Amino acid sequence: MKNKIVLVGCGNVGMAYSYALLNQKTYVDKLVLIDLDKEYTEGQAMDLNHCLSYSPSKIEVISGHYSDCKDAKIVVLAAGANQALGETRMDLINKNSFIFKSIVDEVMKSGFDGIFLVATNPLDVMTYLTLKYSKLPPNRIIGSGTTLDTSRLRYMISTKVNVSPEDIDAFVIGEHGDSEFVPWSTVSIGLSKIHNFLSYEDQKKIEDDVKNSAYEIIKKKGATCYGIGMCLVKITNAILEDKKIILPVSSYDKKNDVCISTPAIVCSQGVKEKIFIPLTLDEEAKLTKSINTIKDAIKSLD
């Protein structure tokens, strides 16, 4: 069976994801674009197909319909209102919860039985709603979570200590939003604890910069897209290639009845299992605060 991906929502994030797919070696055979503006998606499909002569991946790109979701391996949800200047991700909750109900219902009507990959903010709430609306097993609902925040963190540490981001073992966990945090007690470089490289002040500044990155980018250019596009491709490849790699995606926490980001093993079945890393008492309090933030947001919709 071919590896078909359906993308719902062809705005900045959706198209950054699509373009990143074409620029990497992937197992994707077909990419279907769905958006309210059918003519727009037809134009985007044409533009992307004109890249294929120079692309490492030979992906067929088409403008499609919800019926195309039936045999898709992954449906990527990038539709919804974007975070505007001065807005938090949580400010989008009422706008995007209504949009998601109709989208997920349409996808499920097609007979879809694959994996949802969610990129719409507020990320953890939208991931939770996708789980509830679709009624699919929890392992098959994945939010991009704090993969982008973690990428930002590793980049900022790398520029400070002059070490490749690939060799920095660090995660941002919790909500993809203002209550996210870095469990610094677990961060290491080459098995050496981070305090051997960075002072407390350095750590605090980097964590603040990571948390405020989206606000800064939105202030300067209106939206974030390239970073999250690459993160979505990373998760897509982990699923299609059954990589079993550890990524800080947003997935279901049964104990707390929320979707939240912790390191998790991502494979062909979605999230194989969440990894609960040892935390200090202070870090545990921050995680509890993050869980409660998401819970309160979900309750506001109820």
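The legends below describe several close-up views of one predicted model.

**View 1. The largest pocket and the residues around it.**
The largest pocket in this predicted model has a volume of about 560 Å³, and its lining is made up of 22 residues. Those that lie nearest the centre of the pocket are Thr-147, Ser-151, Arg-154, Lys-234 and Leu-247. Three elements give two or more residues each to the lining, namely the helices α5 (147–161) and α7 (226–240) and the strand β10 (245–247). When the lining residues are sorted by class, eleven are nonpolar, six are polar and five are charged.

**View 2. The largest nonpolar core.**
In soluble globular proteins, nonpolar side chains tend to be buried together. The largest nonpolar core of this model holds 38 residues, and among its members Leu-33 and Ile-142 touch the most others. Several elements give two or more residues to this core: the helices α1 (12–22), α2 and α7, together with the strands β1 (4–8), β2 (30–34), β4 (74–77), β5 (115–118) and β13 (264–267). The element that gives the most is α7, which supplies eight residues; α7 is also one of the elements that line the largest pocket.

**View 3. The hairpin of β11 and β12.**
Strand β11, which covers residues 250–253, runs antiparallel to strand β12, which covers residues 258–261, and four bridges join the two. Together β11 and β12 form a hairpin in which four residues lie between the strands. Within this turn, Asp-257 has a positive phi of about 55°. Two facing pairs can be followed across the hairpin: Tyr-252 stands opposite Cys-259 of β12, while Asp-253 stands opposite Val-258 of β12. In a regular strand the side chains alternate between the two faces of the sheet. Strand β12 can be read with this in mind, since Val-258 and Ile-260 point one way, whereas Cys-259 and Ser-261 point the other way. The four residues named here, Val-258, Cys-259, Ile-260 and Ser-261, are all buried.

**View 4. The open sheet of β7, β8 and β9.**
Three strands form an open sheet in the order β7-β8-β9, and their pairing is antiparallel. The edge strands of this sheet are β7 (168–169) and β9 (192–193), each of which pairs on one side only. Between β8, which covers residues 188–189, and β9 the antiparallel pairing extends over two bridges, and Ile-189 stands opposite Ser-192 of β9. Asp-169 has its place in strand β7, and its C-alpha atom is separated by 5.3 Å from that of Ser-188, although the two residues are 19 residues apart along the chain. Asp-169 counts as partly exposed because its relative accessibility is 40%, a value that falls between the limits of 20% for buried and 50% for exposed.

**View 5. A cis peptide bond before Pro-122.**
The peptide bond that leads from Asn-121 to Pro-122 is cis, and its omega is near -5°. Pro-122 belongs to the loop between strand β5 and helix α4 (123–134).

**View 6. Two lysines with a positive phi.**
Lys-135 has a positive phi of about 65°, although this residue is not a glycine. Lys-135 is found in the loop between α4 and β6 (141–143), and it counts as exposed because its relative accessibility is 69%, which is over the limit of 50%. Lys-244 likewise is not a glycine and has a positive phi, in this case of about 60°. Lys-244 is found in the loop between α7 and β10, and with a relative accessible area of 43% it is partly exposed.

**View 7. Ser-55 and its contact with Ser-57.**
Ser-55 is found in the loop between helix α2 (38–49) and strand β3 (60–63). Although Ser-55 is placed in a loop, it counts as buried because its relative accessibility is 9%, which is under the limit of 20%. The side chain of Ser-55 reaches the backbone oxygen of Ser-57 at 2.8 Å.

Technical notes: Residues are numbered from 1 along each chain as its sequence is written. This is a predicted model: local features need pLDDT of at least 70, side-chain atom pairs count only at pLDDT 80 or more; totals for chains, interfaces and linings use all residues. Side-chain values use heavy atoms; hydrogens and water are left out. On a 1 Å grid over the protein atoms alone, a cavity is a set of points where a 1.4 Å probe fits but cannot get out, and a pocket is an open set with protein on both sides within 12 Å along at least five of seven lines; lining residues have an atom within 4 Å of a point. Grid points are joined across faces, edges and corners, and a volume is the space filled by probe spheres set on the points. Ala, Val, Leu, Ile, Met, Phe, Trp, Tyr, Cys and Pro count as nonpolar, Asp, Glu, Lys and Arg as charged, and the others, Gly among them, as polar. Buried means under 20% relative accessible area, exposed over 50%, partly exposed in between (1.4 Å probe, protein chains only). A polar contact is a pair of N or O atoms within 3.5 Å; within protein, one must be able to donate a hydrogen and the other to accept it, and residues adjacent in sequence count only if both atoms are side-chain atoms. Two strands pair if DSSP finds at least two bridges between them. A nonpolar core is a set of buried Ala, Val, Leu, Ile, Met, Phe, Trp, Tyr and Cys residues joined through side-chain atoms within 4.5 Å.
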